[in-house]
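Please look through the structure shown here, following one side chain and then the helices around it.

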Amino acid sequence: MGKADRIIEEMAFHNQVLPEDIPKIDLYIDQVIQLFESSFAESKRHPDEKILTKTMINNYAKGKLFYPVQNKKYSRNHVMLINLIYQMKSALSINDVKLVLNGINEKAAQKELDLEQFYSSYLSLQQGNAEIFADGLKRQAREAAEQTAGIEESEELERVLLIASLVHTSNLYRRAAEKLVDEMAKGAGK
């Protein structure tokens, strides 16, 4: 098995909060945290890493990244929105995440949007993204190996080239997402 295959296997793309994993009853904050911890356990870089904390959720609520909870309980919709926030915050600023989700929040709060259907569409796209990523990673690993072929002690150079290539690719995707956010902001009259 090559480096790319090993990395792909260890990345646990399947880790996700699926609609069927979310209880049909409203949850307290500790239950939401436990749901995320169990769903993303294999995705942690370090065993002591926290996926989600009370402070994070409270900051999202104060920042109005999702519509208000009722009686300190989080609905299924809240859990889905928190997962979207969790996924987006690693690449976008909190203000950008708020802008992106603002319309979704309003529609979900007014029951004008079937958030579960939207969320399922998101998960479907995410699955496709994992396949695209796996193919791209294999190609980038092959290219890094080709670039360093014949160089003495090339393993470190190959690894550094692959890391640099992956970071560059990540930056390209982040910048594309930011461009789309900026277009949303212009459309919202910001």
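In this predicted model, R76 touches P19, I22, P23, K24, D26 and E116, leaving aside residues up to four places away in sequence. R76 itself belongs to helix α4, which covers residues 76-88, and because its relative accessibility is 13%, under the 20% cut-off, R76 counts as buried. One of the residues it touches, I22, also offers a polar partner, since the backbone oxygen of I22 lies 2.4 Å from a polar atom of the R76 side chain.

Another residue touched by R76, E116, leads to helix α6, which runs over residues 115-148. At the N-terminal end of α6, D114 acts as a cap, with a side-chain oxygen placed 3.2 Å from the backbone nitrogen of E116. The 34 residues of α6, at 1.5 Å a residue, should span 50 Å, and the end C-alpha atoms are 48 Å apart, so the two values agree. Among the buried residues of α6 are L115, Y119, Y122, L123, A130 and A134, and the cover over the buried residues of this helix includes α1, α4, α5 and α7. After α6 comes G150, which has a positive phi near 85 degrees.

Two of the covering helices, α5 (94-109) and α7 (154-187), can also be considered as a pair. Their axes come within 10 Å and cross at roughly 60 degrees; because this angle falls outside the ranges for roughly parallel, roughly perpendicular and roughly antiparallel, α5 and α7 count as oblique to each other. The crossing in which α5 passes α7 is left-handed, and the contact is made by D96, L99 and V100 from α5 together with V181, M184 and A185 from α7.

How values were computed
Residues numbered from 1 in each chain as written. Predicted model: local features only at pLDDT ≥ 70, side-chain atom pairs only at ≥ 80, totals over all residues. Heavy atoms only, no water. Helix = DSSP H or I, 4+ residues; strand = E, 2+ residues; numbered from the N terminus. Buried < 20%, exposed > 50% of the residue type's maximum accessible area, 1.4 Å probe, protein only. Polar contact = N/O pair within 3.5 Å; in protein donor to acceptor, adjacent residues only side chain to side chain. Contact = heavy atoms within 4.5 Å. Expected span 1.5 Å × (residues − 1). Axes fitted to C-alpha atoms, helices over the stretch in contact; angles between N-to-C directions. Parallel < 35°, antiparallel > 145°, perpendicular 65-115°, else oblique. Left-handed = near helix turned anticlockwise from the far one by under 90°.
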